[in-house]
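Good morning, and thank you for coming. I should like to take you through one model, beginning with its cysteines and ending with its overall layout.

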Amino acid sequence: MEKPESVSTQQLTVAQWTEKLSQTTGVPGGGAGSGVMLSVAAALICMAAGYSEDAEAEGEAGRIRRRGQILRNESLQLADEDAACSASFGAAFHAPAGAARSAAICGAALQAARSSAAIGKRAAAAVDDIRWLAEYGNQALVADVVVALGALRASISGCRANVCFDLSTLQAHRDSGQPEGEAAGLYGTIEQLDRALASIDKLSADIDARIRERLSDD
């Protein structure tokens, strides 16, 4: 299995990174893909905010743009961290059967769930910025806003699925006497991501309705 350093988003081109993603190594995997999708959304948020009237002033568009710049960099770092989690997960499942293997799987599953939750929470926090851009930003950038929204949804839905799977894996391999501990709090993250997805779907429908109305007017 390849070391996560060799598939870092910081070191490879998009073509090289996605080629690594296409391989059957699991490093990177879908969790890292969720981080990259979040970075795409953040980059488009920056661009759309930059075309807004107050982008260079101390207005909301300027603040959104700065937040997007920070998010773009953070999400790539989170993607690389998730690749490392994928490597640990794979190694745990390839360990010899026994109590040590189960413990390793539990540890890797919890680590992976934390990783996906971190990406998902950062993605959920960006919904309001895209909503602002859709309502008050430069309307010539509506298609870019829609792509950003789609990338954000892909990131969140991927994170939600990963957290659910990782928690189910933890439950399957955890000793019945072990307390759930931190895992219990991650169930709240699933609910948070559900709310974010519902907000995205509503916003997508609202934007689509506005576009259709404009077509009718023309």
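**Cysteines, salt bridges and helix packing**

Cysteine 164 has a relative accessibility of 28% and is therefore classed as partly exposed. Please keep in mind throughout that this is a predicted model.

Let me stay with the cysteines for a moment. How many disulfides does the structure hold? There are zero. Cysteine 164 takes part in none, and its nearest cysteine sulfur, on cysteine 159, lies 11 Å away. Because a disulfide requires two sulfur atoms within 2.5 Å, that separation of 11 Å does not qualify. Cysteine 46 is likewise in no disulfide; here the nearest cysteine sulfur, again that of cysteine 159, is 19 Å away. Is cysteine 46 buried or exposed? Its relative accessible area is 10%, and cysteine 46 is buried.

I turn now to the charged pairs. The count of salt bridges comes to nine, and I shall discuss several of them.

One of these joins aspartate 128 to arginine 131, with the closest N and O atoms 2.5 Å apart. Both residues belong to helix α5, which covers residues 127-136, and they are three residues apart, about one turn of the helix. Aspartate 128 is exposed at 53% relative accessible area, whereas arginine 131 is partly exposed at 24%.

Two further pairs connect helix α6 with helix α7. In one, arginine 153 forms a salt bridge with aspartate 201, and the closest N and O atoms are 2.7 Å apart. Arginine 153 sits in α6, residues 142-173, and aspartate 201 in α7, residues 182-217, so this salt bridge ties together parts of the chain separated by 48 residues in sequence. Both partners are partly exposed: arginine 153 has a relative accessible area of 30%, and aspartate 201 has a relative accessibility of 35%.

In the other pair, aspartate 194 meets arginine 160, with 2.4 Å between the closest N and O atoms. Here too distant parts of the chain are linked, aspartate 194 being in α7 and arginine 160 in α6, 34 residues apart. Aspartate 194 is partly exposed at 33% relative accessible area, and arginine 160 is partly exposed at 27% relative accessibility.

Finally on this subject, salt bridges also form a network, which links Glu60, Arg63, Arg67 and Asp129.

Let us return to helix α5 and consider its packing against α7. How do the two axes lie with respect to each other? They come within 11 Å and cross at roughly 10°. Angles under 35 degrees count as roughly parallel, and α5 and α7 are therefore roughly parallel to each other. On the α5 side the contact is made by Val127, Ile130, Arg131, Ala134 and Glu135, and on the α7 side by Ser199, Ile200, Leu203, Ile207 and Arg210. Sorted by class, this contact of α5 with α7 comprises six nonpolar, one polar and three charged residues. Arginine 131, which we met as the salt-bridge partner of aspartate 128, is among the residues on the α5 side.

Alanine 134 deserves a closer look. This residue lies in helix α5 and is buried, with a relative accessibility of 5%. Which residues does alanine 134 contact, leaving aside its neighbours within four places in sequence? They are Gln139, Val145, Leu203, Ile207 and Arg210. By way of contrast in position, the C-alpha atom of alanine 134 is separated by 30 Å from that of aspartate 80, 54 residues away along the chain.

A second buried position is found in another helix. Serine 39 is in helix α2, residues 30-50, and is buried at 8% relative accessible area. Not counting residues up to four places away in sequence, serine 39 touches Arg72, Ser75 and Leu76.

I close with the overall layout. The protein has seven helices and zero strands, and the pattern along the sequence reads α-α-α-α-α-α-α. Along the principal axes, the C-alpha atoms fill a box of roughly 65 × 35 × 35 Å. What percentage of the 218 residues is buried? The figure is 42%. Among contacts with a separation of 6 or more, 73% involve residues 24 or more positions apart. The salt bridges of arginine 153 with aspartate 201 and of aspartate 194 with arginine 160 may be viewed alongside that figure. Thank you for your attention.

Terms used. Residues are numbered from 1 along each chain as its sequence is written. This is a predicted model: local features need pLDDT of at least 70, side-chain atom pairs count only at pLDDT 80 or more; totals for chains, interfaces and linings use all residues. Side-chain values use heavy atoms; hydrogens and water are left out. Buried means under 20% relative accessible area, exposed over 50%, partly exposed in between (1.4 Å probe, protein chains only). A salt bridge is a side-chain nitrogen of Lys or Arg within 4 Å of a carboxyl oxygen of Asp or Glu. Helices (H or I, at least four residues) and strands (E, at least two) are DSSP runs, numbered from the N terminus. Contact means heavy atoms within 4.5 Å. Axes are lines fitted to C-alpha atoms, for helices over the stretch in contact, and angles run from 0 to 180 degrees between N-to-C directions. Angles under 35 degrees count as roughly parallel, over 145 as roughly antiparallel, 65 to 115 as roughly perpendicular and the rest as oblique. Ala, Val, Leu, Ile, Met, Phe, Trp, Tyr, Cys and Pro count as nonpolar, Asp, Glu, Lys and Arg as charged, and the others, Gly among them, as polar.
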